[in-house]
Amino acid sequence: MMNKVISILSSIIFVGIINGVSFRLHLLFTNNIHGAIHTVPARFINPEFSPILAGGAGAYTYVNKLRDEANAGGDAVFLTDAGNLFQGTQLGTQDGGSKMIQWMNWMRYDAFVPGVRDFDQGVFNFPPDHTED
């Protein structure tokens, strides 16, 4: 995985240098999702009048809008996650994390580094061929 990340970033930079073209690299990241891709009230902001977080669908809409804008301007988008994807909600753990992997594939993440909580159900959350659509 790390080789793929380095290869992608190197290719983007190399092509820009060779062509003498400047571009923007939009680096997006998520971290500590803990299975919370459903819409939920953000009680940590205001317990009495909590705004609703958009969840996984809102993230999908935002990322794809940014990708469309970046492509139109000749820019690049790189989406990463720094782990702790599963543990925290029933949605993230009831099927061994399969729904979360499906969501990540739907989002088209470029890189993912598992966090310590991603192994709470064992190492089999990440088999090499776990690419469900």
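# Exercises on a predicted model

Helix α4 is followed by Arg-108, whose phi is positive, near 60°. The model used in these exercises is predicted.

## Exercise 1. The residue after α4

Task: state where Arg-108 lies, what is notable about its backbone, and whether it is buried, partly exposed or exposed.

Solution.
1. Arg-108 sits in the loop that links α4 to β5.
2. Its phi is positive, about 60°, although Arg-108 is not a glycine.
3. The relative accessibility of Arg-108 is 48%, so it counts as partly exposed.

## Exercise 2. Overall layout

Task: list the order of the elements from the N terminus on, and say what share of the residues counts as buried.

Solution.
1. The protein has 4 helices and 5 strands.
2. Read from the N terminus, the order is α-β-β-β-α-β-α-α-β.
3. The chain has 133 residues, of which 32% count as buried.
4. Take the contacts between residues at least 6 apart in sequence: 72% of these join residues at least 24 apart.

## Exercise 3. The pair α2 and α4

Task: determine how the axes of α2 and α4 are oriented, and which residues form the contact.

Solution.
1. Helix α2 covers residues 55-72 and helix α4 covers residues 98-107.
2. Their axes are 10 Å apart and form an angle of about 20°.
3. Angles under 35 degrees count as roughly parallel, and α2 and α4 are therefore roughly parallel to each other.
4. The crossing of the two helices is right-handed.
5. On the α2 side, the contact consists of Gly-56, Ala-57, Ala-59, Tyr-60, Val-63 and Arg-67. On the α4 side, Trp-103, Trp-106 and Met-107 take part.
6. By class, the residues of this contact divide into 7 nonpolar, 1 polar and 1 charged.

## Exercise 4. The buried residues of α4

Task: name the buried residues of α4 and the elements against which they pack.

Solution.
1. The buried residues of α4 are Ser-98, Met-100, Ile-101, Trp-103, Met-104 and Met-107.
2. These buried residues pack against α2, β4, α3 and β5, the last of which spans 111-112.
3. Trp-103 and Met-107 are buried, and both also meet residues of α2.

## Exercise 5. Salt bridges

Task: find how many salt bridges the whole structure holds, then describe each pair.

Solution.
1. A search of the whole structure gives 3 salt bridges.
2. Lys-65 and Glu-69 form a salt bridge with an N to O distance of 3.5 Å. Both residues lie in α2, 4 residues apart, about one turn of the helix. An α-helix has 3.6 residues a turn, so residues three or four places apart point the same way. Lys-65 is exposed at 53% relative accessible area, whereas Glu-69 is partly exposed at 44%.
3. Lys-99 forms a salt bridge with Asp-95, and their closest N and O atoms are 3.3 Å apart. Lys-99 is partly exposed, with a relative accessible area of 32%. Asp-95 is partly exposed as well, at 29%.
4. Asp-120 and Arg-117 meet through their side chains in a salt bridge of 3.0 Å, N to O. Asp-120 is partly exposed at 37% relative accessibility, and Arg-117 is partly exposed at 39%.

## Exercise 6. Thr-89 and His-34

Task: locate Thr-89, decide whether it is buried or exposed, and examine His-34 among its contacts.

Solution.
1. Thr-89 is placed in the loop between β4 (76-81) and α3 (90-93).
2. Buried means under 20% relative accessible area. Thr-89 has 18% and is therefore buried.
3. Apart from neighbours within four places in sequence, Thr-89 is in contact with His-34, Gly-35, Ala-36 and His-38.
4. His-34 belongs to the loop between β1 (25-30) and β2 (40-41).
5. The phi of His-34 is positive, about 50°, although this residue is not a glycine.
6. At 25% relative accessibility, His-34 counts as partly exposed.

## Exercise 7. Gly-96

Task: place Gly-96 in the fold, classify its exposure, and give the separation of its C-alpha atom from that of Phe-124.

Solution.
1. Gly-96 is in the loop between α3 and α4.
2. Its relative accessibility is 21%, so Gly-96 counts as partly exposed.
3. Gly-96 and Phe-124 are 28 residues apart along the chain, and their C-alpha atoms are separated by 8.4 Å.

Technical notes. Residues numbered from 1 in each chain as written. Predicted model: local features only at pLDDT ≥ 70, side-chain atom pairs only at ≥ 80, totals over all residues. Heavy atoms only, no water. Axes fitted to C-alpha atoms, helices over the stretch in contact; angles between N-to-C directions. Parallel < 35°, antiparallel > 145°, perpendicular 65-115°, else oblique. Left-handed = near helix turned anticlockwise from the far one by under 90°. Contact = heavy atoms within 4.5 Å. Nonpolar A, V, L, I, M, F, W, Y, C, P; charged D, E, K, R; others polar. Salt bridge = Lys/Arg side-chain N within 4 Å of Asp/Glu carboxyl O. Buried < 20%, exposed > 50% of the residue type's maximum accessible area, 1.4 Å probe, protein only.
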